Amino acid sequence: MNIQPAKHPPTSINELVKRAEVLAGLSLGELANLADIHIPKDFKRDKGWTGQLLEHYLGAEAGSNPEQDFPELGVELKTIPIDANGMPLETTYVCYCPLQNIAGIKWATSNVRNKLACVLWIPIEGSRDIPVSARRVASPFLWSPSHEQLHALQSDWEELMEMISLGEIENVTARHGEVLQIRPKAADGSVLTDAIGSKGTLIKTRPRGFYLRKQFTGALLAQHFGL
DNA sequence: AGTTGATCATTA
DNA sequence: TAATGATCAACT
């Protein structure tokens, strides 16, 4: 099969996985060159570069919609930077965290639950001592949470969302949550959004996002790589 | 201003 | 040195 950017979204999960498997072993430099995409020297100003490069090759629709990357397949795409041992170098962003109008939101229909229902993980070498262009794509794998994982995620989500609903968002830190955490998610500290305050009134606070802890994604990678 | 793609860099 | 809190760019 030729290595080239996808012209159309994959029509089946099998096709999507096949496309991803073809990329394994190739470097980001090779992929960027084939797509005629500029390669940054680091990700200081291009934090989402790798994810967008892979989206390009797999045929995901670009843009910022709070849906899965492949809505017709029910699959979410996640690149994850790994060290020399195949373990995660960063936490994994899941989705935006709602801070208001959350009265009717339930775990079963939450954005977190939806996004993580089925994920195509694509590990990529991410050590900073490897030049960006030389970093290689590792073997991809499709994952759906086990009952245990689902339960752990649900527990954290419900605990965190309860705090938010009680107006305690300012007391929520990244230390909360066993596998799922909440951290700021914005261009800088000046960005503010509405949230429920301590007295039930609206307050302004930094936007937040849900992230998967490295321990959690590390277990997925360990299983995948047979460690 | 919201949400996606995430990594950076200071703190503990 | 790992994790938290901060930050960057694109697109809508």
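**View 1. Strand β5 and its surroundings beside DNA strand C.** Strand β5 (residues 180–184) supplies three residues to the surface near DNA strand C, the largest share of that surface. Strands here are DSSP runs of E with at least two residues, helices are runs of H or I with at least four, and both are numbered from the N terminus. This is a predicted model, in which local features need pLDDT of at least 70 and side-chain atom pairs count only at pLDDT 80 or more, while totals for chains, interfaces and linings use all residues. To help you find your way, residues are numbered from 1 along each chain as its sequence is written, chains are lettered from A and ligands numbered from 1 in the order in which they are written, and side-chain values use heavy atoms, with hydrogens and water left out.

**View 2. The residues around DNA strand C.** Look here for 18 residues surrounding DNA strand C, with R45, R183, A186, A187 and R206 the closest. A residue is near a molecule or strand if one of its heavy atoms lies within 4 Å of it. Of the atoms of DNA strand C that come within 4 Å of the protein, 58% belong to sugar and phosphate. Sorted by class, this surface has 10 charged, four polar and four nonpolar residues. Ala, Val, Leu, Ile, Met, Phe, Trp, Tyr, Cys and Pro count as nonpolar, Asp, Glu, Lys and Arg as charged, and the others, Gly among them, as polar.

**View 3. Three arginines at DNA strand C, and one of them at DNA strand B.** R175 has a polar side-chain atom 2.9 Å from a phosphate oxygen of DNA strand C, and for R213 the distance to a phosphate oxygen of that strand is 3.2 Å. R183 meets a base instead: a polar atom of its side chain lies 2.7 Å from a base nitrogen of DNA strand C. The R183 side chain also has a polar atom 3.3 Å from a base oxygen of DNA strand B.

**View 4. The residues around DNA strand B.** Here 27 residues gather around DNA strand B, and K47, T79, Y93, Y96 and K185 come nearest. Sugar and phosphate make up 63% of the atoms of DNA strand B that come within 4 Å of the protein. T193 places a polar side-chain atom 2.8 Å from a phosphate oxygen of this strand, while Y96 has a backbone N or O atom 2.9 Å from a phosphate oxygen. Two or more residues each come from α3 (49–58), β1, β2 (92–96) and α4 (111–115), and β1 gives the most, with four. By class, the surface divides into 11 charged, eight polar and eight nonpolar residues.

**View 5. Y93 on strand β2.** Y93 lies in strand β2 and counts as partly exposed because its relative accessibility is 28%. Partly exposed falls between buried, under 20% relative accessible area, and exposed, over 50% (1.4 Å probe, protein chains only). Its side chain reaches the backbone nitrogen of Y96 at 3.0 Å. Beyond residues up to four places away in sequence, Y93 touches K78, K185, G209, F210 and Y211, where contact means heavy atoms within 4.5 Å.

**View 6. K78 on strand β1.** K78 sits in strand β1 (residues 76–82) and counts as buried because its relative accessibility is 11%. Its side chain makes a polar contact with the side chain of E76 (3.5 Å). A polar contact is a pair of N or O atoms within 3.5 Å; within protein, one must be able to donate a hydrogen and the other to accept it, and residues adjacent in sequence count only if both atoms are side-chain atoms. Leaving aside neighbours within four places in sequence, K78 is in contact with T92, Y93, V94, V119, L120, W121 and I122.
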